[in-house]
Amino acid sequence: MADLGLMLESQENLNWDTLFSITEKVEQLGFESLFLSDHLTSVKGNKQLDSIALWPALTALAMRTERIKIGPLVCSMTFRHPVQLAKMSSAVDHLSVGRLELGLGAGWYEEEHVMFGVDFPSVHQRLELLEEGIQLIKVLWSGQSSNFAGQHYQLSDAEMHPAPAQSNVPLIIGGMGNTTLKIAATHADEWNSYYVSIDTYREKSQIIDGHCDSLNREPGTLRHSLMTPFVIGNNDQEIDSHIASNRTVFPSLPGSLKDWHESGFIGGSPQQLVDQMSAFQEAGVSRFILEHNSYHDQSPLELLAEKVLPVMANN
């Protein structure tokens, strides 16, 4: 069995009406989850595009949905102090009655940091911030009086109330660098890979399994998820139309199904998607988070829910 969720690029001209319309559809059609990205502006460098603020959006989704899991994929540790992340995530977990999953990463898009005057340390320092931030968040989530003496963050007899609604808010670490994989093996409930072919996924999966072994952690206790763009259609015309919709958001995405497949992305007929996702599932992926870029056409979601979702849920 593999779960099937969706992800929206919140910074690529997404507005509130569109977000709520898609969210209603996602809940109605039976998808497992909906995740939002965390950026200050378009990652294409277009300053004019609408960009939804992550935590207000998650707060709204918590109150407008009843079933789906929600969360960021992923929060850049460079944007906020981890105390703020701990407090906001606890609040959204309560508002959603225990449906939040917190995705965290080191941050990567230097241009938005420069644009808004946000410090963008070296890769090494960003990874230090990520690992210390994770530890601090978990300490605060405990609800106990806590001290923390890190290189970058400190707590002194700190307590945070209320603790999250869940006794263990699932923590997702996104990234594929070796140090990030080690951090995920050490601290995460789920490791999220993205935009990878199955061969690259297998390679990274072996590395993270090795980190688990070195930590005396059973590799099977770390969930593996994949975030990837998708295209679907009943015929060539529908598939080409969906490819065009994806390229409206990200013009760098492949322009033909052949090139789409050569890039390692899933796409084609419903059966092709089932076959491709089943191969990833056999390789270790237990959750698919599909990047939905067709904001104003929900027919791909309807076809996905009708022909793919039931099969993957029973695999």
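Which loop holds Asn-13? Select Asn-13 to begin: this residue of the predicted model sits in the loop between β1 (3–8) and α1 (16–29). Its phi is positive, about 70°, although Asn-13 is not a glycine.

**Stop 1: α1 and α2**

From Asn-13, move along the chain into α1, which follows that loop. Add helix α2, residues 54–64, to the selection; the axes of α1 and α2 come within 11 Å and cross at roughly 40°. The two helices are therefore oblique to each other, and their crossing is right-handed. To see the contact, show side chains for Trp-16, Leu-19, Phe-20 and Thr-23 of α1, together with Pro-56, Ala-57, Ala-60, Leu-61 and Arg-64 of α2. Coloured by class, the contact of α1 with α2 shows seven nonpolar residues, one polar and one charged.

**Stop 2: two cis peptide bonds**

Next select Leu-73 and Val-74. The peptide bond from Leu-73 to Val-74 is cis, with omega near -10°. Val-74 belongs to the loop between β3 (69–72) and β4. Keep both residues displayed, since they return at the largest pocket.

Now select His-161 and Pro-162. Here too the bond is cis, and omega is about 0°. For its setting, show the loop between β7 (154–158) and β8 (171–174), where Pro-162 is found.

**Stop 3: the largest pocket**

Centre the view on His-39, Leu-73, Val-74, Trp-108 and Tyr-194. Of the 35 residues that line the largest pocket, these five lie nearest its centre. Leu-73 and Val-74 are the pair joined by the cis bond with omega near -10°. The pocket holds about 740 Å³ of space.

Which elements each supply at least two residues of the lining? Select β4 (75–76), α4 (110–116), α5 (123–141) and β9 (190–194) to display them. Tyr-194, one of the residues nearest the centre, is at the end of the range given for β9. The largest share of the lining comes from α5, with four residues. By class, the lining of the largest pocket is made up of 18 nonpolar, 12 polar and five charged residues.

**Stop 4: α3 and α5**

Keep α5 selected and add helix α3, residues 82–95. The axes of α3 and α5 come within 9 Å, crossing at roughly 45°. That angle is neither under 35 degrees nor in the range of 65 to 115, and α3 and α5 are therefore oblique to each other. The handedness of the crossing is right-handed.

On the α3 side, show Pro-82, Val-83, Leu-85, Ala-86, Ser-89 and Ser-90; they meet Gly-133, Leu-136, Ile-137, Leu-140 and Trp-141 in α5. How many charged residues does the contact of α3 with α5 have? There are no charged residues in it, while eight are nonpolar and three polar.

**Stop 5: α6 and α7**

Hide the earlier selections and show helix α6 (residues 178–187) with helix α7 (residues 198–214). These two pack at an angle of about 50°, and their axes are 9 Å apart. That angle makes α6 oblique to α7. Viewed as a crossing, α6 passes α7 in a right-handed sense.

Side chains to display on α6 are Asn-178, Leu-181, Lys-182, Ala-184 and Ala-185, and their partners in the contact on α7 are Lys-204, Ile-207, Ile-208, His-211 and Cys-212. By class, the contact of α6 with α7 has six nonpolar, two polar and two charged residues.

**Stop 6: the second largest pocket**

For the last stop, select Thr-248, Val-249, Asn-293, Tyr-295 and His-296. They lie nearest the centre of the second largest pocket, which is lined by 15 residues. About 220 Å³ of space lies in this pocket.

Which helix gives the most to its lining? Show helix α8, residues 236–249, which provides three residues. Colour the lining by class to finish: three residues are nonpolar, eight polar and four charged.

Technical notes:
Residues numbered from 1 in each chain as written. Predicted model: local features only at pLDDT ≥ 70, side-chain atom pairs only at ≥ 80, totals over all residues. Heavy atoms only, no water. Axes fitted to C-alpha atoms, helices over the stretch in contact; angles between N-to-C directions. Parallel < 35°, antiparallel > 145°, perpendicular 65-115°, else oblique. Left-handed = near helix turned anticlockwise from the far one by under 90°. Contact = heavy atoms within 4.5 Å. Nonpolar A, V, L, I, M, F, W, Y, C, P; charged D, E, K, R; others polar. 1 Å grid on protein atoms, 1.4 Å probe; cavity = no way out; pocket = protein on both sides within 12 Å on 5 of 7 lines; lining within 4 Å. Points joined across faces, edges and corners; volume = space filled by probe spheres on them.
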